[in-house]
Amino acid sequence: MGRIIVSENVSVDGVVQDLSGEDGAGRGSWLACADEQDRQEWARGGAAEALAATALLMGRRTHEWFVARGWASRAGAWADRLRDLPKYVVTTSALTGPEWVNSTVLNGDAVREIASLTRRVEGDIVVYGSGRLVRTLIEHDLVDELRLVTYPVVAGAGDRLFGETSGLKPLRLVHTGTVGAGLAAHTYRPGRDTP
């Protein structure tokens, strides 16, 4: 059975939008608030996470973001692995631009499609970006692990990772550490047994 692993870069105030400053949110790159060594360690961790993954799950906008930034043809171990992985794209509209190889569109009821996917795919199904999709996954208790890398900046604006939920969503901290010297890394799992 597959496990849904949400892997997100967040600001201290929980913003996940426009990390690189390329999407026009007007805040510039908060990725640049980390020093070069931290960014290199982050990239090594991202590549290792992709190597351990069985598949990627993402929303349409995140899929298009990766394609627009050349990940479909980029060189390097991380890009090669992302290209090789099966990619499942949740969308209610058509994809625009060129397809990324090994991409499958999941349309229809997202919750039902993703639950079915976890029954068909063994191993870690990693979710990058995809804020709306992540909020749906959290709301429907479909997240098996939440990996957050927190950048030392208050973005002050932009889409946040967590939105309104129908009730409490307890989590258990299972790992804490740093990426490089300046980025905090926290891993949570559902605290379903927590009262």
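The following legends describe an overview and several close-up views of a predicted model.

**Figure 1. Overview of the predicted chain and its secondary structure.** The chain contains 5 helices and 8 strands. Read from the N terminus, these elements follow the order β-α-β-α-α-β-β-α-β-α-β-β-β. The C-alpha trace spans about 45 × 40 × 30 Å along its principal axes. The radius of gyration of the chain is 16 Å, which agrees with the value near 16 Å for a compact globule of 195 residues. Of the 195 residues, 42% are buried. Among contacts between residues at least 6 apart in sequence, 72% join residues at least 24 apart.

**Figure 2. The open sheet and its edges.** The sheet is formed by 8 strands in the order β4-β3-β2-β5-β1-β6-β8-β7, with mixed pairing. Strands β4 and β7 (171-179) each have a single partner strand and stand at the edges, so one side of each lacks a neighbour in the sheet. On average, neighbouring strands are turned by 25° against each other, direction ignored.

**Figure 3. Strand β3 between β2 and β4.** Strand β3 covers residues 87-90. The side chains of K87 and V89 point one way from this strand, whereas Y88 and V90 point the other way. Are these residues buried or exposed? All of them are buried, K87 included. Strand β2 (residues 55-59) runs parallel to β3 and is joined to β3 by 4 bridges. Within this pairing, V90 of β3 has G59 opposite. Pairing of β3 with β4 (residues 103-106) is likewise in the parallel sense, over 4 bridges. Here V105 of β4 stands opposite V89.

**Figure 4. The pairing of β2 with β5.** In the strand order of the sheet, β2 is placed between β3 and β5. Strands β2 and β5 pair in the parallel sense over 3 bridges. One residue pair in this view is L56 with V126, its bridge partner in β5.

**Figure 5. Helix α1 across the sheet strands.** Helix α1 comprises residues 36-52. This helix lies across β1, β5, β6 (145-151), β7 and β8 (183-190). Relative to β5, α1 runs at about 140°.

**Figure 6. The buried face of helix α5.** Helix α5 comprises residues 131-139, and its residues G131, L133, V134, L137 and I138 are buried. Which part of the helix do these residues line? Viewed down the axis of α5, they fall within an arc of 155°, so they line one face of the helix. The elements against which these buried residues pack are β1 (2-11), β2, β3, α4 (110-120) and β5 (123-128).

**Figure 7. The largest nonpolar core and the surroundings of V127.** The largest nonpolar core has 23 residues. Within this core, I4, V6, L57, I114, V127 and L137 touch the most other members. Two or more core residues come from each of β1, β2, β3, α4, β5, α5 and β6. The largest share, 4 residues, is that of α5. Which residues does V127 contact, leaving aside its neighbours within four places in sequence? The contacts of V127 are I4, I5, V6, S7, L57, L133, V134 and L137. A second core, separate from the largest one, contains 18 residues, including I5, W71, A79 and L95. Thus I5, although in contact with V127, belongs to the second core.

**Figure 8. Loop residues with positive phi, N102 and D141.** Residue N102 is located in the loop between β3 and β4. Its phi is near 65°, a positive value in a residue other than glycine. The relative accessibility of N102 is 42%, so this residue counts as partly exposed, below the limit of over 50% for an exposed residue. Residue D141 lies just after α5, in the loop between α5 and β6. For D141, phi is near 55°, which is also positive in a residue other than glycine. With a relative accessibility of 41%, D141 counts as partly exposed.

Note on methods:
Residues are numbered from 1 along each chain as its sequence is written. This is a predicted model: local features need pLDDT of at least 70, side-chain atom pairs count only at pLDDT 80 or more; totals for chains, interfaces and linings use all residues. Side-chain values use heavy atoms; hydrogens and water are left out. Buried means under 20% relative accessible area, exposed over 50%, partly exposed in between (1.4 Å probe, protein chains only). Two strands pair if DSSP finds at least two bridges between them. The arc is that of the directions from the helix axis to the C-beta atoms. Contact means heavy atoms within 4.5 Å. Axes are lines fitted to C-alpha atoms, for helices over the stretch in contact, and angles run from 0 to 180 degrees between N-to-C directions. A nonpolar core is a set of buried Ala, Val, Leu, Ile, Met, Phe, Trp, Tyr and Cys residues joined through side-chain atoms within 4.5 Å. The radius of gyration is taken over C-alpha atoms; the globule rule is 2.2 Å times the number of residues to the power 0.38.
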